[in-house]
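Trainee: I'd like to practise reading a model from the whole fold down to single residues. Can we walk through one together?

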Amino acid sequence: MSERRLQILEAATRTIARSGVRGLRVEEIAAAAGVSTGLIYYHFGGRAELLRRTLDFIGERAERCTAPDPETVRTAGPRAQLEEMLLRELQDTPELVENSTAWGEFQSSAVFDTGLREQLREATRQWTDDVADLVREAQAAGTADRNAPVADAAERLTALVEGLSTRWLSGSVPLERARELLRGGIERELGPAAEAD
C-alpha cells in the first residue's frame, strides 16, 4: 500500500472514531490527512469505496495488533494463543482505542446502511472463524472442553469482546475489570485452563 493511501486510511479511521460514519464528508478526511479531496477520489473513487477500504484497514490493523506474541505461538498452546489474542483487543493504546471506536461507529451506522452491514457481517464472520479455529485446536490439545459447541463459543467470545470494549471505551467499566470479565468468559466457554477433558 502506498504511503498516501495509508495516510488517508489512518485519517479516515481517526475521523470516524471521533465523528462517526453518518454525515461523514470526504472533505473532513482530506483535511485530517492533509491532502486534497481530489487525491482521495483518485485513490478511492468516492465516499463508499473509501468507507469500504477503511473498514478493511481497521480489520487488518486489528489483526496485526492482536496477533499473539511469536513466543506465545511457538511455546504455548492454542488456548493461550486464543486468550492472548482476545485480551489484546482490550489494550489502552492509541491505535487500538481508535480502531475499536471506529469499529463501533461502523456497527452503529450499519443499522441504517445495508452496504456496510454486509461488509461488517463478513468481517465479523472471519474473526469468529479465526476464534473457532483456535477453540478447535484447544479442544484437540485437551485444554478446552471437548463438548463445548465451537461455533457458539466463538460467537459468544467475539460478542463479549465487542461489548466489553464498548463498555470500557465509554467509561462504564475500568479496563482491568473488562479484562477480568473476558478471562472469566473464556473460562466459562472453554472450561478451566488447567483441565484437559
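Trainee: Let me start with the span 2-62: what are its helix and strand percentages, and how far apart are its end C-alpha atoms?

Mentor: First, a word on what we're looking at. This is a predicted model, where local features need pLDDT of at least 70, side-chain atom pairs count only at pLDDT 80 or more, and totals for chains, interfaces and linings use all residues. Residues are numbered from 1 along each chain as its sequence is written, and side-chain values use heavy atoms, with hydrogens and water left out. Helices (H or I, at least four residues) and strands (E, at least two) are DSSP runs, numbered from the N terminus. Residues 2-62 are 80% helix and 0% strand, with end C-alpha atoms 19 Å apart. UniProt lists that span as "domain: HTH tetR-type" in an unreviewed entry. Its positions follow the numbering used here, feature names are shortened, and annotations may be inferred rather than shown by experiment.

Trainee: Which residues does the record give for "DNA-binding region"?

Mentor: The unreviewed UniProt entry lists residues 25-44. That stretch is 80% helix and 0% strand, and 14 Å separates its end C-alpha atoms.

Trainee: Zooming out, how many helices and strands does the protein have?

Mentor: Ten helices and zero strands. The radius of gyration (over C-alpha atoms) is 18 Å, close to the 16 Å from the globule rule (2.2 Å times the number of residues to the power 0.38) for 197 residues, so the protein is as compact as a globular protein of that length. The C-alpha atoms fill a box of roughly 60 × 35 × 30 Å along the principal axes.

Trainee: How do I check a helix, say helix 4?

Mentor: Compare its span with the expected one, which is 1.5 Å times one less than its number of residues. The 20 residues of helix 4 (47-66) should span 28 Å, and the end C-alpha atoms are indeed 28 Å apart.

Trainee: And which of its residues are buried?

Mentor: Buried means under 20% relative accessible area, exposed over 50%, and partly exposed in between (1.4 Å probe, protein chains only). In helix 4, the buried set includes Leu50, Leu51, Phe57, Ile58 and Cys65. The buried residues cover an arc of only 160° (from the directions from the helix axis to the C-beta atoms), which puts them on the same side of helix 4. The general idea: an α-helix has 3.6 residues a turn, so residues three or four places apart point the same way. On the other side of helix 4, Ala48, Glu63 and Arg64 are exposed.

Trainee: What does the buried side of helix 10 pack against?

Mentor: Helix 6 (78-87), helix 8 (114-141) and helix 9 (150-169). Among the buried residues of helix 10 are Leu175, Leu182 and Ile186, along with Arg179 and Glu189. Exposed Glu176 and Arg188 sit on the face turned away from the buried side. Just after helix 10 comes glycine 191, with a positive phi near 90°.

Trainee: Now a single residue: is serine 109 buried or exposed?

Mentor: Buried, at 5% relative accessibility. Serine 109 lies in helix 7 (residues 94-110). Contact means heavy atoms within 4.5 Å; leaving aside neighbours within four places in sequence, serine 109 is in contact with Val21, Arg22 and Leu116. Serine 2, by contrast, is partly exposed at 33%.
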